[in-house]
Structure formats: C-alpha cells, structure tokens
Amino acid sequence: MLFPSPLIRGTLLQRYKRFLADIRLDSGEPITASVPNTGSMRGLTTPGSEAWLSVSDSPTRKYAHTLQIVQADDTLVGINTGLPNKIAEEAILSGMIPQLSGFTTLKREQKYGQNSRIDLLLLGETHQQTYVEVKNVHFKRTGQLAEFPDSVTARGAKHLFELSEMVKAGHRGVMVFVIQRQDCDSLSICGDLDPAYAAAFANARQHGVEAYAIRCHISPESIIADQTVPVLNL
C-alpha cells in the first residue's frame, strides 16, 4: 500500500479524544492531526515519539494532517486501522497466503450473518465461499511477539461467532491479522487483556475457523505486507 506522497515527520505531543493528536512538525510548526484509530493504541502514544503524517489539500477536511505512523520500541508502527483491509487484499492477491488462493472473484464489505459485514469475500467455482475477517495489530509487550487485542473487543468476539456460523454452513471462515510493525515474528491472542475474546477465538478454532498473520514493512513511503508469521494459539 503506497501513500499518495511521502509522509512528513514531526514529534507527538499528545493524543486526546481518541481521534486527535497534537504534533510539532520538524519545521517547528505545531498542528493538530486526525487519528484514524479508535482503539487504545497501547504503548504508541508516548509524548516525544517521532510521528509521520499524510497531508490533504481537501477544503472539506477540518484537519489537513492525518497521523499514519509512530515510532515505538525503535521501530516504525502503522496506526491507521483503515489500511489493513487493503494490505490484506494485496497480500492475498500476491499469493502470500497460499491457503487463500484459487478464487475467481474478490468482493469487499459484503453483508453476512447478523447485521455484520465481512471485510473480504472470496468466491470460486464451487458453492463454498471464503469469508475473511481482517484485524489490525500493533501491540507488542515482550520480545518479538505481536498480540491481539490490546483492549476488550466485544465486536471482535462477535465476528468470530459469525465466522463459526459460516463454517457450520459449509463455507470457510478466516481471520487475517495484519501486524503493522516490523519487529515481530509471531502473533498470540492476548487472553489476559480480553479473556472473552481469547475464549471466542479458541471456540472458533474448534469449529474450523482458520487464522493467519501477516507482518508489514513500514516506511514513510508505504506499508506493505512483508511475510506471513505464525499464530501461536493454533
């Protein structure tokens, strides 16, 4: 996923109201940027961290700058939760996940289940459909282990239930975790921060829901799927 133009650098002063951050650009100019991430961003909002932002010239935007990347633990971390669907789609189309090959049609944001939308729907020549739910990951506490989730996500547990129902109906249910940082070589479900999600994940696995994780290469020019890494809870 290439950014339309290279990002500009600044220093994070504070994140507040979830959707906003105060940044001092390298030019010295203080600005307020939008933050495309409603989650806790645990470990990624330390004042003084380097930050990279995109800039829009749209007259309809209240804030011209959007926070895209921060530096944490000496690595670059993508924080935009709107990007993983595109990153996962590019990875699937490139064949990075061999288990998700052989489809003839890819559809985005399709209605399914109980008032839900699946991120990606893969269709082939048989009646079996592949429902792909994509999750953004950027939480890391120890070593090179990425963890999901970084806070309680009842919505995430609901998605696992919906995928299980698709498997029961004869289709495939797939989780793809997109790790928007370069310093991780595996992923684990974070049961201590959200026991309910961990239980839902284990139950979904028992019903045949598949899980894959992709690590990304991060730079001010692009965020690109780099390679698959193991999901340890399988």
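Is C184 buried or exposed? Buried, because its relative accessibility is 0%. Keep in mind that this is a predicted model.

Stay with the cysteines for a moment. C216 is buried as well, at 1% relative accessibility. Do they form a disulfide? What does a search of the whole structure find? Zero disulfides. Here is why. The cysteine sulfur closest to that of C184 belongs to C216, and it sits 11 Å away, too far for a bond. Turn it round and start from C216: the closest cysteine sulfur is the one in C184, again at 11 Å. A disulfide needs the two sulfurs within 2.5 Å.

Now the domain. The unreviewed UniProt entry places "domain: Sugar fermentation stimulation protein C-terminal" at residues 83-221. Over that stretch, the chain is 27% helix and 37% strand. The C-alpha atoms at its two ends are 14 Å apart.

Next, the core. In soluble globular proteins, nonpolar side chains tend to be buried together. The largest nonpolar core in this model has 28 residues. Which ones have the most contacts inside it? M175, F177, I179, L187, Y197 and F201. Several elements supply at least two residues each. On the strand side, they are strand 8 (116-123), strand 9 (129-137), strand 11 (145-148), strand 12 (172-179), strand 13 (186-189) and strand 14 (210-218). On the helix side, they are helix 2 (154-168) and helix 3 (195-206). Helix 2 gives the most, with five residues.

Take F201 as a close-up. Setting aside neighbours within four places in sequence, F201 touches L160, F177, I189, A211, V231, N233 and L234. There is also a second, separate core, of 26 residues. Among its members are A91, L100, L122 and A225.

Back to helix 2. Does its length add up, and what should it span? It has 15 residues at 1.5 Å a residue, so the expected span is 21 Å. The end C-alpha atoms are 21 Å apart, which agrees.

Which residues of helix 2 are buried? G156, A157, H159, L160, E162, L163, S164, M166 and V167. Note H159, E162 and S164 in that list. What do the buried residues pack against? Strand 7 (105-112), strand 8, strand 9, strand 12 and helix 3. After the helix comes G170, with a positive phi near 100°.

To close: two buried cysteines, C184 and C216, and zero disulfides. Helix 2 gives the most to the largest core.

Notes. Residues numbered from 1 in each chain as written. Predicted model: local features only at pLDDT ≥ 70, side-chain atom pairs only at ≥ 80, totals over all residues. Heavy atoms only, no water. Buried < 20%, exposed > 50% of the residue type's maximum accessible area, 1.4 Å probe, protein only. Core = buried A, V, L, I, M, F, W, Y, C linked by side-chain atoms within 4.5 Å. Helix = DSSP H or I, 4+ residues; strand = E, 2+ residues; numbered from the N terminus. Contact = heavy atoms within 4.5 Å. UniProt positions renumbered as here; feature names shortened; annotations may be inferred. Expected span 1.5 Å × (residues − 1).
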